[in-house]
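Trainee: I am new to this structure and would like a close look at a single part of it. Please choose one stretch and show me how it sits among its surroundings.

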Amino acid sequence: MGDRCLNEAKTYSLDTTIYELLQLIKTHPLVLKEPAPSCLVTAISPKSTVLSLRPWCQAQNYEQVRSDVQKLVQEWWWRSAKSWESDDIKPQPYQDKTNE
């Protein structure tokens with residue numbers, strides 16, 4: 001599904017982030033329970049951590065699941081970022097690293 005770079009605007013537990021993302025995609029009706037979805041750390045830099053979120057689905061549902069999961073993750077990110085506004089932190093949008 002490609003990698004997305006989440007800029008670390010605020011210190012946020014990586015374990016918590018992974019847990020929340022996995023819980024989020026498990027709610028999608030087309031994501032298979034077996035094999036279980038995974039979320040892996042694929043790169044770390046001083047300013048960001050790249051996660052690969054891997055939900056499994058039937059081949060004929062791939063494009064729909066890919067689109068839906070990306071929307072879910074984006075909505076989750078902006079909800080999380082809004083909770084940081086009280087700390088005067090400006091949320092950073094996703095940087096699509098798929099084609100780099």
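Mentor: Let's begin with a definition: helices and strands here are DSSP runs, a helix having at least four residues in state H or I and a strand at least two in state E, and they are numbered from the N terminus. With that in hand, we can place our part, the loop between α1 and β2, where P35 is found. H28 belongs to that loop too. Please keep in mind that this is a predicted model.

A little background will help you find your way. The chain has two helices and four strands, and along the sequence they come in the order β-α-β-β-α-β. Helix α1, on one side of our loop, covers residues 14–26, and strand β2, on the other, covers residues 38–44.

How confident is the prediction? The mean pLDDT of the chain is 79, and 69% of the residues score at least 70. Strand β2 has the highest mean of the elements, 92, while strand β1 (residues 4–7) has the lowest, 50. Coordinates should not be read in detail where pLDDT is low.

Now for the loop itself, starting with H28. Is H28 buried or exposed? H28 counts as buried because its relative accessibility is 8%, and the cut-off for buried is under 20%. The side chain of H28 reaches the backbone nitrogen of L30 at 3.0 Å. Leaving aside residues up to four places away in sequence, H28 touches V65, D68 and L72.

One of those partners, V65, deserves a stop of its own. V65 is part of helix α2, which spans residues 62–83. H28 and V65 are 37 residues apart along the chain, yet 8.0 Å separates their C-alpha atoms. V65 has a relative accessibility of 1%, so V65 is buried as well. The pairing also has company in the wider chain: of the contacts between residues at least 6 apart in sequence, 65% join residues at least 24 apart.

Further along the loop, look at the peptide bond from E34 to P35. Which form does this bond take? The bond is cis, with omega near -5°. As a general rule, most peptide bonds are trans.

Next, let's step back into helix α1. Q23 is in this helix, and its C-alpha atom is 9.4 Å from that of P37, which is 14 residues away along the chain. Q23 counts as partly exposed because its relative accessibility is 32%. T17 also lies in helix α1, but T17 is buried, as its relative accessible area is 6%. From C-alpha to C-alpha, T17 and L51 are 9.6 Å apart, with their positions 34 residues apart in the sequence.

L14, another residue of helix α1, is partly exposed because its relative accessible area is 32%. L14 joins V41 and I44 in a nonpolar surface patch of about 260 Å². Strand β2 runs over residues 38–44, and the patch includes V41 and I44.

To finish with the whole chain: buried residues make up 35% of its 100 residues. Its accessible surface is about 6,500 Å², and carbon and sulfur atoms account for 52% of that. When you return to the loop, start from buried H28 and its contacts with V65, D68 and L72, then move on to the cis bond from E34 to P35.

Note on methods: Residues numbered from 1 in each chain as written. Predicted model: local features only at pLDDT ≥ 70, side-chain atom pairs only at ≥ 80, totals over all residues. Heavy atoms only, no water. Buried < 20%, exposed > 50% of the residue type's maximum accessible area, 1.4 Å probe, protein only. pLDDT = per-residue confidence, 0-100. Contact = heavy atoms within 4.5 Å. Areas by Shrake-Rupley, 256 points an atom, 1.4 Å probe, with all protein chains shown as cover. Patch = residues over 30% accessible without salt bridge, like charges linked within 9 Å, V, L, I, M, F, W, Y side chains within 5 Å. Salt bridge = Lys/Arg side-chain N within 4 Å of Asp/Glu carboxyl O. Polar contact = N/O pair within 3.5 Å; in protein donor to acceptor, adjacent residues only side chain to side chain.
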